[in-house]
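Hi,

Here is the structure I promised to pass on. Have a look at it first, and then read my notes below.

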Amino acid sequence: MASAHTVSDSDSDKTTEPDSHDTLKPSTRNLYNNSPDLFDNTLPSTPVKRRVPSVTRQRGKVHEISESDSDDSDQSASHVSGKSLSSMTKSLDTSFSKRQEFKEKTKHENMTIVQSDHSQKKGRSSSASKYEREKSTSIGQQLESRQDKSSGDTGSKDGNKALSRTNQNENCDAESTKSGLKRKATDSKKESQTTLQKHETVRLENTNNNMPQDSRPLCKYDAICYRKNPTHFQEYRHPEKEKGHTSSATEPPPNKKLKKESEAMVGSSLTQTTISKSRGVSELYKHAQPFSFFLTKVAGIADKYNSTLALDIKDILSADMGNLVASCQFNYMFDIPWLIQQYPKEFRSKPLLIVHGEQGPSKTELEAEAIDYKNIRFCQAKLEMMYGTHHTKMMLLQYDTGMRVVIHTSNLIKQDWHQKTQGIWISPLFPKMAKPSATEGDSLTYFKKNLLEYVSAYKAYQLKDWINNISEHDMSAARVVIIGSVPGRHTGDQMRSWGHLKLKRVLQQHGPSNTAVTKWPVIGQFSSVGSMGANKEAWLCGEWLQSLSAVNGGTTLPSVPPLQLVFPTKDNVRCSLEGFPAGGSIPYSINVAKKQMFLHDFFHQWRSEGQGRSRAMPHIKTYLRPSPDSQKTAWFLVTSANLSKAAWGALEKKGTQLMIRSYEIGVLFLPKFFGDKELFDVSSNLELLKSSTNVFPLPFDLPLTDYVKGKDRPWLWDIPYMDLPDTNGNIWCPRAR
């Protein structure tokens with residue numbers, strides 16, 4: 001299930017692994033507080049090693065954000081003064097010292113009480129001793145259960161909690177310390193229970209101290225390691241996990257290797273289930289026609305934003321959509337046990353094919369997850385290009401009455417369906433034909449032909465049955481165009497079958513006229529950034545923008561149109577529902593950013609007030625050509641492709657071949673195939689979208705919101721952010737490798 005940890009240009013889904021440590025050494029704290037900033041003229045004289053992001057808590061305290069501080073109606077979060085920060089740090093250090101002193105004092109008292117307890121027990125009968133041992137064991141188990149529950153409660157804090165002001169934090173810290181001391185003093189008076197509890201604690205401590213030193217290497221995930229394979233626990237030690245501790249973060253960074261359960265997620269699932277039941281999935285699907293474009297449901301936002309044009313993975317796989325016979329899941333990241341639970345019980349034993357790009361140990365680990373599921377088979381996508389990934393996200397769903405195709409932007413892990421903004425397109429139910437045909441039953445958009453070409457490009461025998469299934473169904477009802485990418489150096493006619501050249505060809509055949517879109521900008525929105533080259537003309541504003549600005553019947557435009565890019569700021573991430581951990585799914589490295597400062601001139605903030613998702617960080621990827629007044633668009637594309645050469649392709653050998661590294665897929669919406677209009681009416685306003693089915697639903701607001709000059713910085717995932725805590729009280733402290 002794990003992937004290589006090298007971040008490639010196309011790697012939008014590389015998520016982070018949190019540290020098991022929650023504090024920095026005092027000697028290094030000042031250095032990281034002054035983290036390297038690519039917007040500064042100079043960098044710190046002391047070099048900072050490249051670090052993989054993680055999340056830490058300031059001295060273990062829970063910081064709360066007030067609504068005024070993280071109000072998503074503001075373009076940025078409020079700032080805490082340097083004096084207040086200093087005061088808060090001093091208060092935290094003082095309380096920490098007090099807690100340490102009290103811990104040592106309590107431990108000494110514990111030993112005294114236990115010795116006294118042993119003397120009293122000498123005269124007891126054997127039956128009484130047996131009773132006390134059983135009672136001690138029971139209480140010890142209860143304590144462990146309470147610790148686990150308490151840990152889970154901490155881990156499930158809702159991202160909507162607001163950050164209190166600095167003075168409130170100081171008072172909260174002081175009161176928390178006094179309250180803790182008083183509570184422990186009171187508890188010590190309860191001799192009958194407390195004695196046994198302390199005896200159990202000391203016994204465990206003494207046992208741990210007398211154990212021989214473990215020579216196994218430390219697992220870097222420790223307390224939040226998700227793995228279940230016994231071999232992993234034989235090879236690596238997990239001291240914090242074995243103690244029953246969890247990460248100090250309220251919610252750890254979402255990543256491929258993290259499967260932490262939280263009560264917030266459970267509560268969200270219950271809410272989403274209630275919404276789905278109150279309004280059938282089939283009804284939601286019908287209301288979304290003719291575009292059939294949805295966003296994923298988000299925990300922590302108002303129910304009204306999840307009740308229309310929004311679906312969960314359980315909705316997609318529900319029996320309300322059809323009686324499932326078999327399914328095929330194409331994706332980048334998988335959590336097999338979690339995925340199986342998303343299917344209705346009656347479908348969990350149906351044949352399931354997993355198409356992935358894992359190699360070596362990661363492949364073995366993924367297959368080990370499915371060892372208990374006899375209905376699962378695997379297909380490994382060939383990745384012959386260095387730094388390439390299998391980034392496609394698609395479902396093929398076979399029913400007893402037909403077939404559906406779902407193209408979306410989410411990994412098949414819990415975190416991607418929780419508090420992120422994701423996109424989904426669901427096809428109509430394609431009926432089965434009398435006899436299979438690769439050419440019959442196709443749409444005006446050549447959907448069937450393009451889908452067959454894409455799946456056949458894997459050259460995998462495991463996909464043969466699904467190729468036959470596609471051939472057996474009538475897909476003439478499809479209205480979208482498939483825009484895919486497959487690895488390789490494509491020449492001749494194949495050059496225009498993939499990547500940005502495929503999009504260019506389709507726009508030249510079916511796109512807007514030049515007169516209709518003169519001076520209309522091109523907007524790109526994505527969750528990962530690759531290397532653009534030495535300057536903006538090298539690729540971004542050269543071949544890539546030329547393809548996206550193509551028009552019907554034309555080969556080139558008189559001038560390159562304006563380009564606008566949507567990418568979250570540091571404060572967008574900090575004040576999000578997930579807080580800093582959301583940035584683990586938005587990889588943009590400082591080393592890459594320093595080489596392409598020109599790119600940031602095109603950046604705009606992530607804002608989605610109309611859809612209620614301004615604080616749900618985007619993992620969706622969309623591209624469009626809107627009008628200057630933001631009321632219309634010439635086309636709209638939702639895809640797995642981020643802003644990178646690896647995903648879209650780059651011309652080589654003087655434009656005679658297109659080199660693509662990764663698998664990607666998306667669908668293009670063109671007005672021509674949805675009626676007689678040349679343009680789509682668009683809006684992100686949910687109330688307007690509820691009342692009209694002819695308005696295309698945008699996932700973010702138009703017009704775009706500029707970065708605040710001198711203040712807003714693009715999110716960079718491998719530098720620390722310790723000046724202000726996030727929504728959940730965390731700071732972001734990447735750990736050197």
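First, something to look up as you scroll: in which loop does Lys393 lie? The loop is the one between β7 (376-380) and β8 (394-399). Please keep in mind that this is a predicted model.

I started with Lys393 because of an annotation. The unreviewed UniProt entry has a "binding site" feature, and that feature covers Lys393 and Lys621. The two are spread over 229 residues of sequence, yet they cluster in space, with a largest C-alpha distance of 11.8 Å. As for exposure, Lys393 has a relative accessible area of 0%, so it counts as buried.

Now the overall picture. The chain has 737 residues, and 56% of them are buried. It is built from 20 helices and 24 strands. If you take the contacts with a separation of 6 or more, 77% of them are between residues 24 or more positions apart.

On to the hydrophobic side of things. The largest nonpolar core contains 111 residues, and the ones with the most contacts inside it are Phe447, Leu463, Leu540, Trp544, Leu599 and Phe669. There is also a second, separate core, which has 35 residues, including Ile336, Leu339, Leu352 and Val695. Back in the largest core, what does Leu463 touch once its neighbours within four places in sequence are left aside? Its contacts are Cys328, Phe330, Leu353, Val355, Cys379, Val455 and Tyr458.

Helix α14 (464-471) comes next along the chain. Its buried residues include Trp466, Asn469, Ile470 and Ser471, and the buried part of α14 packs against β5 (324-330), β6 (352-356), β8, β9 (403-408) and α13. Asn468 also sits in α14, but at 35% relative accessibility it is partly exposed, because buried would need a value under 20%. The C-alpha of Asn468 is 9.2 Å from that of Leu452, a residue 16 positions away along the chain.

The region I would open next is around Phe291. This residue is in the loop between α9 and β3, and its relative accessible area of 5% makes it buried. Leaving out residues up to four places away in sequence, Phe291 touches Trp425, Phe669, Phe674, Phe680, Thr693, Asn694, Val695, Phe696 and Pro697. One of these, Phe669, was in the list of best-connected residues of the largest core, while Val695 belongs to the second core. Phe291 and Val480 are 189 residues apart along the chain, but their C-alpha atoms are separated by 8.8 Å.

Phe291 also helps to line a cavity. The structure holds ten cavities of 30 Å³ or more, and the second largest has a volume of about 80 Å³. Which residues line the second largest cavity? They are His287, Ala288, Gln289, Phe291, Phe293, Leu309, Leu689, Ser692, Thr693, Val695 and Pro697. By class, that lining has seven nonpolar and four polar residues, with no charged ones.

Finally, some backbone details to check by eye. Most residues other than glycine have a negative phi, and most peptide bonds are trans, so exceptions are worth a look. Here are four of them:

- Gln289 to Pro290: this peptide bond is cis, with omega near 15 degrees. Pro290 is in the loop between α9 (281-287) and β3 (293-296).
- Leu702 to Pro703: this bond is cis too, with omega near -5 degrees. Pro703 is found in the loop between β22 (695-697) and β23 (730-732).
- Lys459: phi is near 50 degrees, a positive value in a residue other than glycine. Lys459 lies in the loop between α13 (447-456) and α14, and its 67% relative accessibility makes it exposed.
- Lys519: phi is near 65 degrees, again positive in a residue other than glycine. Lys519 is in the loop between α15 (499-510) and β13 (522-525), and it counts as exposed at 70% relative accessibility.

That's what I have for now.

Cheers

Definitions and conventions:
Residues are numbered from 1 along each chain as its sequence is written. This is a predicted model: local features need pLDDT of at least 70, side-chain atom pairs count only at pLDDT 80 or more; totals for chains, interfaces and linings use all residues. Side-chain values use heavy atoms; hydrogens and water are left out. On a 1 Å grid over the protein atoms alone, a cavity is a set of points where a 1.4 Å probe fits but cannot get out, and a pocket is an open set with protein on both sides within 12 Å along at least five of seven lines; lining residues have an atom within 4 Å of a point. Grid points are joined across faces, edges and corners, and a volume is the space filled by probe spheres set on the points. Ala, Val, Leu, Ile, Met, Phe, Trp, Tyr, Cys and Pro count as nonpolar, Asp, Glu, Lys and Arg as charged, and the others, Gly among them, as polar. Helices (H or I, at least four residues) and strands (E, at least two) are DSSP runs, numbered from the N terminus. Buried means under 20% relative accessible area, exposed over 50%, partly exposed in between (1.4 Å probe, protein chains only). A nonpolar core is a set of buried Ala, Val, Leu, Ile, Met, Phe, Trp, Tyr and Cys residues joined through side-chain atoms within 4.5 Å. Contact means heavy atoms within 4.5 Å. UniProt positions are given in the numbering used here, feature names are shortened, and annotations may be inferred rather than shown by experiment.
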